[in-house]
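Me: I would like to learn how to read the packing features of a model, one at a time. Could we go through them together, with the general idea stated before the case wherever there is one?

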Amino acid sequence: MEPSPYVDDAADTENAGRAGHAGHADHADHAGHAGQAVLPSPRPPAAKRFLGGTHRVVSPAETVAQLRRLMPVMGITRVADVTGLDTLGVPVVMVTRPGSRSISVSPGKGLTLDAARASGIMESVEHWHAEHVQLPLKLGTVNELRHRHRLLDVARLPRLAIGAFHPNLRLLWVPGLDLVEGAPTWVPFEVVHTDYSLPLLDGTGAFVMSSNGLASGNHPYEAISHGICELIERDATTLWQMSSAAHKRETRVDLETVDDAGCREVLEKFARADAEVLVWEITSDVQVPAFACTLVDRAPNPARPVAPMRGFGCHPARGVALLRALTEAAQSRLTVITGARDDIRVHGNGPEEDLRTAQQFLAEHAGETCPRRFDEAPDHPGETLDEDVAWEIERLREVGLEQVVTVDLSRPELGIPVVRVVIPGLEPLYDVPGYMRGPRARRRLQESAS
């Protein structure tokens, strides 16, 4: 693992405000240099040394080997290969952490079993870090702090219908770094941590709480890129969901045009398992490639019904983005089959509802055309992870999203880069209970209605 190089050990909270950028007391020198404000300089670029279905600095096997010694520290007790419980043959694991303060089972998927293990363990690792944050916090209202501190633009954060936020509400804040300006920026702690144990902290309920933008990696840029892409993916999913039926039909992908080797391998496994695969390109105006996939048995088995399961993916390389969507759909099936997460069932009503939903889905989409070619999606893989992050930030700025803030959750003693990325203005997933549509979602609904 590449230890996080941007943690400051400053004792007081004012210096801790610079925790996202160790060694740069004057952040003004880095303002406006998108994608270059995170790591100290000089430093070699984060080269991509593994490109088998994902872009990493080391192979999944190396990642797993390095993580195994740390699993007991974070309470990870089991990494279960559950691939054989389904008919698809796509490697999926379930990683168990019984003492979790949020989700106790983290799924993982990939082209290989090592890739699936790395995926699941890293997800469990990042949740542990977000449950055990050891950063200095401030308690105060927006009106109290805004004159002396650079704050995240909370007005653009996702809100809840029952949200209690107002500028005089006392909140806990945690230090982060704005990658666009290279400036220390304070972030509401509620949108950073994942400690959902009761009682919840004071000020909770102002914003949408989730794990969106929480990411880990073998290198800080690997984690940051993953976090940014996850937030762009969630936003794209919500915008596509609120699009017109005609637009959705236009974005369905002809799978015969998919030329990525990893994607073709997974599609062939689905075909051998007699599974129907529907894919849509859901790339938003941000123009980072994104796909949605729905997977369902062509002949749903009444004795073993599985509802249509969805997966999503986003990455500068369109092949990686699509592969993430395909493998996540397979992972979703096994998450339900294993009983690890009951909350992702279609309606939570059991096998009869799953069977009925599968049959209805097949009937609804029977005979549809697939007008979108795979190569119509953008494709911009960088040579290094540095280039990926810089490109992603520029795409966000092109659509008026001027804050990309990271909170470094890494533990120096563990050496695993973990970040929470927060991008005000992007929409969360549309099905979050109580979620109020933001400007981007409202605009898309207006466009769909016109």
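**Reading contacts, rings and helices**

Reply: We can begin with a single residue: apart from neighbours within four places in sequence, Ala 325 is in contact with Phe 291, Cys 293, Gly 311, Phe 312 and Gly 313. Please keep in mind throughout that this is a predicted model.

Me: Where does Ala 325 lie, and is Ala 325 buried or exposed?

Reply: Ala 325 lies in helix α8, which covers residues 318-338, and because its relative accessibility is 0%, Ala 325 counts as buried. One of its contacts can also be read through the backbone, since Ala 325 and Phe 312 are 13 residues apart in sequence and 3.9 Å apart in space, taken from C-alpha to C-alpha.

Me: What is the setting for this, in terms of helices, strands and buried residues?

Reply: The protein has eleven helices and 14 strands, and buried residues make up 57% of its 450 residues. Of the contacts with a separation of 6 or more, 69% are between residues 24 or more positions apart.

Me: How many aromatic pairs does the structure hold, and what describes such a pair?

Reply: In general, a pair of aromatic rings is described by the distance of the centres and the angle of the planes. The structure holds three aromatic pairs, among them that of Phe 165 and Phe 207, with 5.1 Å from centre to centre and 40° between the planes, a tilted arrangement. Tilted is the word here because the angle is neither under 30 degrees, which would count as stacked, nor over 60, which would count as edge-to-face.

Me: Which parts of the chain does the pair of Phe 165 and Phe 207 tie together?

Reply: Phe 165 belongs to the loop between β5 (159-160) and β6 (171-178), while Phe 207 belongs to the loop between β7 (183-188) and β8 (214-216), so the pair ties together parts that are 42 residues apart in sequence. Phe 165 is buried, with a relative accessible area of 17%, and Phe 207 is buried as well, with a value of 1%.

Me: What are the distance and the angle for Trp 240 and Trp 280?

Reply: Trp 240 and Trp 280 form a tilted aromatic pair, with 5.5 Å between the centres and 50° between the planes. This pair links distant parts of the chain, given that Trp 240 is in helix α5 (residues 220-241) and Trp 280 is in strand β9 (residues 275-281), 40 residues apart. Trp 240 is buried at a relative accessible area of 6%, and Trp 280 counts as buried at 5%.

Me: Which residue lies over the face of Trp 240?

Reply: Lys 248 lies over the face of Trp 240, at 5.2 Å from the ring centre. An arrangement of this kind is also found at Trp 186, where the charged end of Lys 138 sits over the ring, 5.3 Å from its centre.

Me: Helix α5 carries Trp 240; at what angle do α5 and α10 pack?

Reply: In general, two packed helices are described by the angle between their axes and the distance between the axes. Here α5 and helix α10 (residues 385-398) pack at an angle of about 30°, and their axes are 9 Å apart. Angles under 35 degrees count as roughly parallel, and α5 and α10 are therefore roughly parallel to each other. The crossing in which α5 passes α10 is left-handed. On the side of α5 the contact is made by Tyr 221, Glu 222, Ile 224, Ser 225, Ile 228, Cys 229 and Ile 232, and on the side of α10 by Leu 385, Asp 386, Asp 388, Val 389, Glu 392, Ile 393 and Leu 396.

Me: What does Arg 234 touch?

Reply: Arg 234, which is also found in helix α5, touches Asn 212, Glu 427, Pro 428 and Leu 429, if residues up to four places away in sequence are not counted. At 14% relative accessibility, Arg 234 counts as buried.

Me: Finally, which peptide bond is cis, and what is the phi of Asp 274?

Reply: The peptide bond from Leu 198 to Pro 199 is cis, with omega near 0°, and Pro 199 is found in the loop between β7 and β8. Asp 274, in the loop between α7 (261-272) and β9, has a phi near 60°, a positive value in a residue other than glycine, and at 38% relative accessibility Asp 274 counts as partly exposed.

How values were computed. Residues numbered from 1 in each chain as written. Predicted model: local features only at pLDDT ≥ 70, side-chain atom pairs only at ≥ 80, totals over all residues. Heavy atoms only, no water. Phe/Tyr/Trp six-rings, centres within 6.5 Å; stacked < 30°, edge-to-face > 60°. Helix = DSSP H or I, 4+ residues; strand = E, 2+ residues; numbered from the N terminus. Buried < 20%, exposed > 50% of the residue type's maximum accessible area, 1.4 Å probe, protein only. Lys NZ or Arg CZ within 6 Å of the ring centre and 35° of its normal. Axes fitted to C-alpha atoms, helices over the stretch in contact; angles between N-to-C directions. Parallel < 35°, antiparallel > 145°, perpendicular 65-115°, else oblique. Left-handed = near helix turned anticlockwise from the far one by under 90°. Contact = heavy atoms within 4.5 Å.
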